[in-house]
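Q: Please pick one part of this model and go through it closely, starting from a single spot and working outwards. Keep it relaxed, but give the cut-offs as you go.

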Amino acid sequence: MTSFQQARIDLGGQLRQLREAAHLSGKELAERLRWQPSKVSRLENARQTATEDDVVVWAQAVGASPDTTDDLIREAIGLVERHDSWKQRYRSGLAAIQEDLRDLEARTKLFRAFEPGIIMGLLQTAEYARHVFRKVKRLYSAADQIDAAVRVRMQRQEILYDRTRTFRFVVPEAALHTNLAPADVMRGQLDRLLAVSTLPNVEFGVIPFSVELPSAPVNGFWIYNEAMVGVATMTKDLALRDPDDIAFYVQAFDDFAKVAEFGEGGRDIIINILHKYRKQAAH
């Protein structure tokens, strides 16, 4: 057993002790936190790594002291910062990661996301998502939970129809040409983007090939309210909460959004790419 695995077991045990001291069942705690009951079990049994957000809301729900909460936060941050944390995270299961994202999204009212080479998960079709998860499974030796991960990702998309939330998505045109799935799946994905872009609380922007980019699109990033930025690299998912970091990414998003085509302009670009795929199918 690695030191990382032991540390995760220790943290899970502490979380369980706090829940039991508060005389709460796993189901009762999950209801308080608006989580799936399975997440409580996964965290307590070290099948999933608790994040800083997880331990903060857990501690609040069970009435933990400030000192205990601070200790748990330090342990959670230490786990996330370990070099092998990304491997452990994916090996915990693709579906578990989707559940984590759903928990985070439930607390968010304003979403701003930039992705340089992939369609955002909240906008993916089931078949496009399936091909993406297959690639993730191969690359990271992730647990074989593709069907479950697709199901949870589709459930996450229900949030798009909540008019109290605002979504702003930006991608370079290149992302719509990136073949992460067969042509028929890509056509279905582009049709999905056309439909979602008409929702009143969703803005979908495409940066045309003809436009000079304001900066190099190195990594995708998601801004949740004004509280956190998620930055995905090949080996780590960073959760940034420092106000200066958040301000930096807000400015970066605004720069990309300024040169993107929204509304009918963005849909025209999508339609032109659809024509390309249809021509390919005709040959």
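**From a loop into the sheet and core**

A: Let's start at Asn-225, which sits in the loop between β4 and β5. Helices and strands here are DSSP runs numbered from the N terminus (H or I over at least four residues for a helix, E over at least two for a strand). Keep in mind that this is a predicted model, where local features need pLDDT of at least 70 and side-chain atom pairs count only at pLDDT 80 or more, while totals for chains, interfaces and linings use all residues. Residues are numbered from 1 along each chain as its sequence is written, and side-chain values use heavy atoms, with hydrogens and water left out.

Asn-225 has a relative accessibility of 22%, so it counts as partly exposed; the scale is buried under 20% relative accessible area, exposed over 50% and partly exposed in between, using a 1.4 Å probe and protein chains only. Its phi is near 55°, a positive value in a residue other than glycine. Most residues other than glycine have a negative phi. His-23, in the loop between α1 (3-21) and α2 (26-33), also has a positive phi, near 60°.

Now step back into the sheet. Six strands make up an open, mixed sheet, ordered β3-β2-β1-β4-β5-β6; strands count as paired if DSSP finds at least two bridges between them. β3 and β6 (237-240) are the edge strands, each with a single partner, so one side of each has no neighbour in the sheet. On average, neighbouring strands are turned by 10° against each other, direction ignored. Helix α12 (residues 243-258) packs on this sheet and touches β1, β2, β3, β4, β5 (228-232) and β6, its direction making about 115° with that of β4. Contact here means heavy atoms within 4.5 Å, while axes are lines fitted to C-alpha atoms (for helices, over the stretch in contact), with angles from 0 to 180 degrees between N-to-C directions.

What sits on either side of β1? β4 runs antiparallel to β1, joined by four bridges, and β2 pairs with β1 in the parallel sense over five bridges. Phe-111 is a handy marker: it stands opposite Tyr-224 in β4 and opposite Phe-167 in β2. Four of the five residues of β1 are buried, so the strand is mostly covered.

Further along, β2 and β3 pair in the parallel sense over six bridges. Val-170 has Gly-205 of β3 as its bridge partner, and Phe-169 stands opposite Phe-204 in β3. Although β3 is an edge strand, five of its six residues are buried.

Those two phenylalanines lead into the core. The largest nonpolar core has 37 residues, and Leu-123, Phe-169, Leu-176 and Phe-204 touch the most other members. At least two residues apiece come from β1 (110-114), α8 (126-140), β2 (166-172), α10 (173-177), α11 (183-196), β3 (202-207), β4 (221-224) and α13 (263-282), and α11 gives the most, with six. A nonpolar core means a set of buried Ala, Val, Leu, Ile, Met, Phe, Trp, Tyr and Cys residues joined through side-chain atoms within 4.5 Å. In soluble globular proteins, nonpolar side chains tend to be buried together.

α11 deserves a look of its own. Its buried residues are Val-185, Met-186, Gln-189, Leu-190, Arg-192, Leu-193, Leu-194 and Val-196. At 1.5 Å a residue, its 14 residues should span 20 Å, which agrees with end C-alpha atoms 20 Å apart; the expected span is 1.5 Å times one less than the number of residues.

Leu-123 ties several of these pieces together. Neighbours within four places in sequence aside, Leu-123 is in contact with Gln-157, Leu-160, Phe-169, Gln-189, Arg-192, Leu-193, Val-196 and Phe-204. Apart from this core lies another, of 22 residues, with Leu-18, Ala-30, Leu-43 and Leu-79 among them.

For context, the chain has 13 helices and six strands, and buried residues make up 48% of its 283 residues. Among contacts between residues at least 6 apart in sequence, 77% join residues at least 24 apart.
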